[in-house]
Amino acid sequence: MYNSSTKKKLIKVIIFIIIIVSVLCAVGLYVLRYEVEGESNLPFKITKIIIAQSVDGTEAENHPERWNLSVSENNDIYIYLEKNSKYDKTEIIQSVQVNNMIINKNNTKGEAKLYKPVEDEKTMFKNLAENEINEITYTGDLESNIKQQKISNQGGIISFRYGINNIANYISNENEEVDYSKLLQLTNVTEEDIKTTISFDIIINLTTGRKYQTSLQLDIPTKEVIENGTNGIEITDFNDLVFKRLEN
């Protein structure tokens, strides 16, 4: 039998163990919840993503045919970041990075590439080797300027292009004119030929040193752009989007 002193010591040990286990459980639950839900009150948040789809044709050089076009399909992706009205502190965006960009394209038709915007008065993107990227950074500034890869330090738009080049060739001596919007149909390109999922990380860097990261996955639709030559998709549901703090 235990004496009174031993019982007291035993009780203290048991209480201590219970406290330690409770603390560890609480910490574990917090970590688990954070892994699932991420940051609950971000200074900036993604409010919208727009994908502008189009079809284009590039004419071959010195061809004998009336028409000899290399067909491409483009997806211009615009991501909107806005200041969180529920966040009660003043924060300033230093930069926004898009990296770990992965193209999940299972078929072999075409050459899948990612492009940065260009400083050109007539167009936002050009599918040229010099504009290819595997990551892109927008620098915080007083005003947004997509072509210069600048974003307002209080929120703005970042953009890049996912393009599929050389999907097919349209060659003809018959038609006086060609409707470029129908090039995918004219070359019998199917939905499976250009079906793609792209994934990437977004990191919001603040001047305070805080960094917030999230991962996005976009399934690129195909049916409408094949039928119409253009298509616009707007995404506004980000309930499942999880941002986590990387530093501070």
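**A five-stranded sheet, a pocket and Asn205**

Mentor: Lys45 stands opposite Glu82 in β2. The model is predicted: local features need pLDDT of at least 70, side-chain atom pairs count only at pLDDT 80 or more, and totals for chains, interfaces and linings use all residues. Residues are numbered from 1 along each chain as its sequence is written, and side-chain values use heavy atoms, with hydrogens and water left out.

Trainee: How many bridges join β1 to β2?

Mentor: Strands (E, at least two residues) are DSSP runs, numbered from the N terminus. Two strands pair if DSSP finds at least two bridges between them. β1 and β2 run antiparallel, and Val55 stands opposite Glu73 in β2. The number of bridges joining them is 15.

Trainee: Which residue in β10 stands opposite Ile49?

Mentor: β10 covers residues 230–235. It runs antiparallel to β1, with 6 bridges joining the two. The residue opposite Ile49 is Ile235.

Trainee: What is the order of the strands in the open sheet?

Mentor: The sheet has 5 strands, with antiparallel pairing. Its edge strands are β4 (111–115) and β10, and each pairs on one side only. Neighbouring strands are turned by 15 degrees against each other on average, direction ignored; the axes are lines fitted to C-alpha atoms, and angles run from 0 to 180 degrees between N-to-C directions. The order is β4-β7-β2-β1-β10.

Trainee: Which element gives the most to the lining of the second largest pocket?

Mentor: On a 1 Å grid over the protein atoms alone, a pocket is an open set of points where a 1.4 Å probe fits, with protein on both sides within 12 Å along at least five of seven lines; lining residues have an atom within 4 Å of a point. This pocket is lined by 14 residues, and Asp56, Thr58, Ser72, Asn127 and Asn165 lie nearest its centre. β1 (44–59), β2 (67–83) and β7 (155–172) each give two or more residues. The one that gives the most, with 4 residues, is β2.

Trainee: Is Asn205 buried or exposed?

Mentor: Asn205 is in strand β8 (residues 196–206). Buried means under 20% relative accessible area, exposed over 50%, partly exposed in between (1.4 Å probe, protein chains only). The relative accessible area of Asn205 is 5%, so Asn205 is buried.

Trainee: What distance separates the C-alpha atoms of Asn205 and Thr139?

Mentor: Leaving aside neighbours within four places in sequence, Asn205 is in contact (heavy atoms within 4.5 Å) with residues including Ile92, Gln94 and Arg210. Asn205 and Thr139 are 66 residues apart along the chain. Their C-alpha atoms are separated by 9.5 Å.
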